[in-house]
Structure formats: structure tokens, C-alpha cells
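Student: I have a new model on my screen and would like to understand how its pieces fit together. Could we walk through it with a few questions?

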Amino acid sequence: MQTVKDLEGKRIATEAVGLTKSFLAKHGVTAKVEFSWGATEVKPPRLADAIVEVTETGSSIRANNLRIVDEVIQSTSRLIANKDAIQDDWVKAKLENIALMLNSCLAAEGKVGMMMNVKRDDLEKVLEVLPALQNPTVSSLSDPHWVAINTILEESYVRTTIPKLKAAGALGIVEYGINKIID
């Protein structure tokens, strides 16, 4: 299948039945749209000819040797409150707390934490190659000749930054995922 038009008369598995039917109708395509409960990406080719899947990155689609023909919709999260409800201080505080936590998750998207050990003599060289969200934390270790560095950086920098850090003298480099960043 090359285009949406190639879905004519095919079986399509999806959790988003109404959305899929509307999308196909907009493109003048008639197909059999079937509800699929989970693991939709494993259904082609035996149980479905195509799928419509809610995906963030498309990695499970590629992992199952499928390819994306078209994008049905892009969505973003929204926190919506009743105007009257936020007049109540308790409700308003709860909504602000929820918004804080949701925004902290969005702020962490695409970022990772990194920690490493560095000889004090190599500290300046390491800091020169280390992109950081703000300023990295540098902590003394039990050995006075060594420090620990902890920082947050864009995940896209990791593969080029780690070799530079190692070359500058960093050891015990650990990358870890983060869930929230609260400023």
C-alpha cells in the first residue's frame, strides 16, 4: 500500500474506530474498520491489511516491519477547568498542582540525566564539553582528588557528548532517564 487510496476495500484494525472512519471518508475510501484492543501492530498481514495506531514515536510500528502511510491526526494534551470551579481556592490549588506536574513531564521530554566521576585536574576540560540544562552539579568525593558531576542534557547530545567526556577524563559515566523537571 502506497497511499490512503490503496486502503479501498481493505480490513483496518484500530482502537480509534470513529476517527479512522472519518479519516477514510474524508479521503473517499471505503474499508472495513474493526475495533482492536491492544497489540494492534501485530495484526497485519493475517488479521488486518492495515492498522491505525495511536503512537508517540512510531517505534513499535517499525519494530513490526510496518511503515506509516499517512498521519491521521496530531494531538496534544490539554488541562481544562470549569470557570466556576476555579473560583474555589481548594479546587484552584489542586488544578495548579496538576498543571505543575503535567508541565514538569513535558519539560523532561527529550532530556536525560548524566552523572560521572572526574579527577579534579580534568574538571575544566570536562565542563567545557558538557552541555547542561543550567549549571552541572559538582560534588566532592571521599577521595579529595576526585569529584562527581551530575547534570541534565538533551538526549540528542548524548551519543556525541559521551566520547568527548571520556576523552576529557570522565569515568563511570551513567546516563539515566528522567520523568519530571520542575523549575
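Tutor: Happy to; we will talk through a helix, a core and a sheet in this predicted model.

Student: Let's begin with helix α5. Why do Val158, Thr161, Leu165 and Ala168 lie on the same side of α5?

Tutor: Those four residues are the buried ones in α5, which spans residues 158-168. A general point helps here: an α-helix has 3.6 residues a turn, so residues three or four places apart point the same way. Here the four share one side of α5 because the arc they cover around the axis is only 90°.

Student: Which exposed residues sit on the face of α5 turned away from the buried side?

Tutor: Start from the buried side, which holds Val158, Thr161, Leu165 and Ala168. Now look at the face turned away from them: the exposed residues there are Arg159, Lys166 and Ala167.

Student: And what do the buried residues of α5 pack against?

Tutor: Follow Val158, Thr161, Leu165 and Ala168, the buried residues of the helix. Their packing partners are one helix and three strands: α4 (123-129), β4 (111-119), β6 (146-154) and β7 (171-177).

Student: What phi does glycine 169 take?

Tutor: Glycine 169 comes just after α5. Its phi is positive, at about 115°.

Student: Now the largest nonpolar core: which element gives the largest share of it?

Tutor: This core has 14 residues, and those touching the most other members include Met114, Met116, Val118 and Leu165. Two or more residues come from each of β4, α4, β6 and α5. The largest share is four residues, and the element giving it is β4.

Student: Alanine 170 caught my eye. Leaving aside neighbours within four places in sequence, which residues is alanine 170 in contact with?

Tutor: Alanine 170 is among the residues that touch the most other members of the 14-residue core. Beyond its sequence neighbours within four places, its contacts are Met116, Asn117, Val118, Val126 and Leu165.

Student: On to the open sheet of three strands. Which are its edge strands?

Tutor: The strand order is β2-β1-β3, with parallel pairing. An edge strand pairs on one side only, and that describes β2 (32-35) and β3 (50-52).

Student: Which residue in β2 is the bridge partner of arginine 11?

Tutor: Strand β1 covers residues 11-14 and runs parallel to β2, with four bridges joining them. In β2, the partner of arginine 11 is lysine 32.

Student: Last one: at what angle does helix α1 run to β2?

Tutor: Helix α1, residues 17-26, lies across β1, β2 and β3. Its angle to β2 is about 165°.

Key. Residues numbered from 1 in each chain as written. Predicted model: local features only at pLDDT ≥ 70, side-chain atom pairs only at ≥ 80, totals over all residues. Heavy atoms only, no water. Buried < 20%, exposed > 50% of the residue type's maximum accessible area, 1.4 Å probe, protein only. Arc of directions from axis to C-beta. Contact = heavy atoms within 4.5 Å. Core = buried A, V, L, I, M, F, W, Y, C linked by side-chain atoms within 4.5 Å. Pairing = 2+ DSSP bridges. Axes fitted to C-alpha atoms, helices over the stretch in contact; angles between N-to-C directions.
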